[in-house]
Amino acid sequence: MQQVHLENKGKFKILAIITCALIAVSVPLFLPHFEHGHGIHTIIHISGIILGSFLTVVGAITYLEYKRPRLLLVFLAFFAITTAEILSATNMLFVFWPSYSSIDSMITHLLILMMLAFFSIGIFR
């Protein structure tokens, strides 16, 4: 049985579909945050969710293709990061617990976004 590998063209399609879908959903939800001056923080969250979702989907496809325990752990790590970003962004919309946007949280979220960006770039290499 021949294994089908995910080519860069397929990865770009997955990234484009996820990006378009999440931007279409998030723009109406997060528009008030842009208007109140929280645009950069919101963009960091949305970008993290987009890249995390992309990495989660690619991780799931790769795990299903090769069935290696190490790939399952990578998929679960990306899923956990994406879930954390979704919960954090959801807390911006519907405050479940008090959150203080300080420079510390901005730096932390920016570092997580950078990590996801580097992983995403590595997927295409």
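**Figure 1. Lining of the second largest pocket, whose residues divide into 8 nonpolar, 3 polar and 2 charged.** In this predicted model, the second largest pocket holds about 210 Å³ of space, and 13 residues line this pocket. Nearest to the centre of the second largest pocket lie Val 58, Gly 59, Thr 62, Leu 71 and Ile 123. Two elements, α2 (39-66) and α3 (69-93), give two or more residues each to this lining, and α2 gives the most, with 6 residues.

**Figure 2. Overall arrangement of the chain, with 4 helices and 0 strands.** Read from the N terminus, the elements follow the order α-α-α-α. Taken along the principal axes, the box filled by the C-alpha atoms of the chain comes to roughly 55 × 25 × 25 Å. Of the 125 residues in the chain, 30% are buried.

**Figure 3. A nonpolar patch on the surface, with Leu 110 as one of its residues.** The patch is formed by Ile 103, Ile 107, Leu 110, Leu 111, Met 114, Phe 118 and Ile 121, which together have about 710 Å² of accessible area. Leu 110 belongs to helix α4, which covers residues 103-123. With a relative accessible area of 39%, Leu 110 is partly exposed, because this value falls between the limits of 20% and 50% that bound the partly exposed class.

**Figure 4. Glu 85 in helix α3, shown together with His 109.** Is Glu 85 buried or exposed? Glu 85 has a relative accessible area of 3% and is therefore buried, since buried means under 20%. Along the chain, Glu 85 and His 109 are 24 residues apart, and their C-alpha atoms are separated by 8.7 Å.

**Figure 5. The loop between α2 and α3, where Lys 67 is placed.** Although Lys 67 is not a glycine, its phi is positive, at about 55 degrees. The relative accessible area of Lys 67 is 51%, so this residue counts as exposed, the exposed class being the one for values over 50%. The two helices that this loop lies between, α2 and α3, are also the elements that give two or more residues to the lining of the second largest pocket.

**Figure 6. Thr 108 in helix α4, viewed with Ile 50.** Thr 108 has a relative accessibility of 43% and therefore counts as partly exposed. In sequence, Thr 108 and Ile 50 are 58 residues apart, while in space the separation from C-alpha to C-alpha is 17 Å.

**Figure 7. His 36 in the loop between α1 and α2, with Ile 107 as its partner in the view.** The helix that comes before this loop, α1, covers residues 8-35. A relative accessibility of 60% places His 36 among the exposed residues, because the exposed class takes values over 50%. His 36 and Ile 107 are 71 residues apart along the chain, and 20 Å separates their C-alpha atoms. Ile 107 is also one of the residues that form the nonpolar patch on the surface.

Terms used: Residues are numbered from 1 along each chain as its sequence is written. This is a predicted model: local features need pLDDT of at least 70, side-chain atom pairs count only at pLDDT 80 or more; totals for chains, interfaces and linings use all residues. Side-chain values use heavy atoms; hydrogens and water are left out. On a 1 Å grid over the protein atoms alone, a cavity is a set of points where a 1.4 Å probe fits but cannot get out, and a pocket is an open set with protein on both sides within 12 Å along at least five of seven lines; lining residues have an atom within 4 Å of a point. Grid points are joined across faces, edges and corners, and a volume is the space filled by probe spheres set on the points. Ala, Val, Leu, Ile, Met, Phe, Trp, Tyr, Cys and Pro count as nonpolar, Asp, Glu, Lys and Arg as charged, and the others, Gly among them, as polar. Patches are made of residues with over 30% relative accessible area and no salt bridge: like charges are joined within 9 Å, nonpolar side chains (Val, Leu, Ile, Met, Phe, Trp, Tyr) within 5 Å. Accessible areas come from the Shrake-Rupley method with a 1.4 Å probe; for residues, only the protein chains shown count as cover. A salt bridge is a side-chain nitrogen of Lys or Arg within 4 Å of a carboxyl oxygen of Asp or Glu. Buried means under 20% relative accessible area, exposed over 50%, partly exposed in between (1.4 Å probe, protein chains only).
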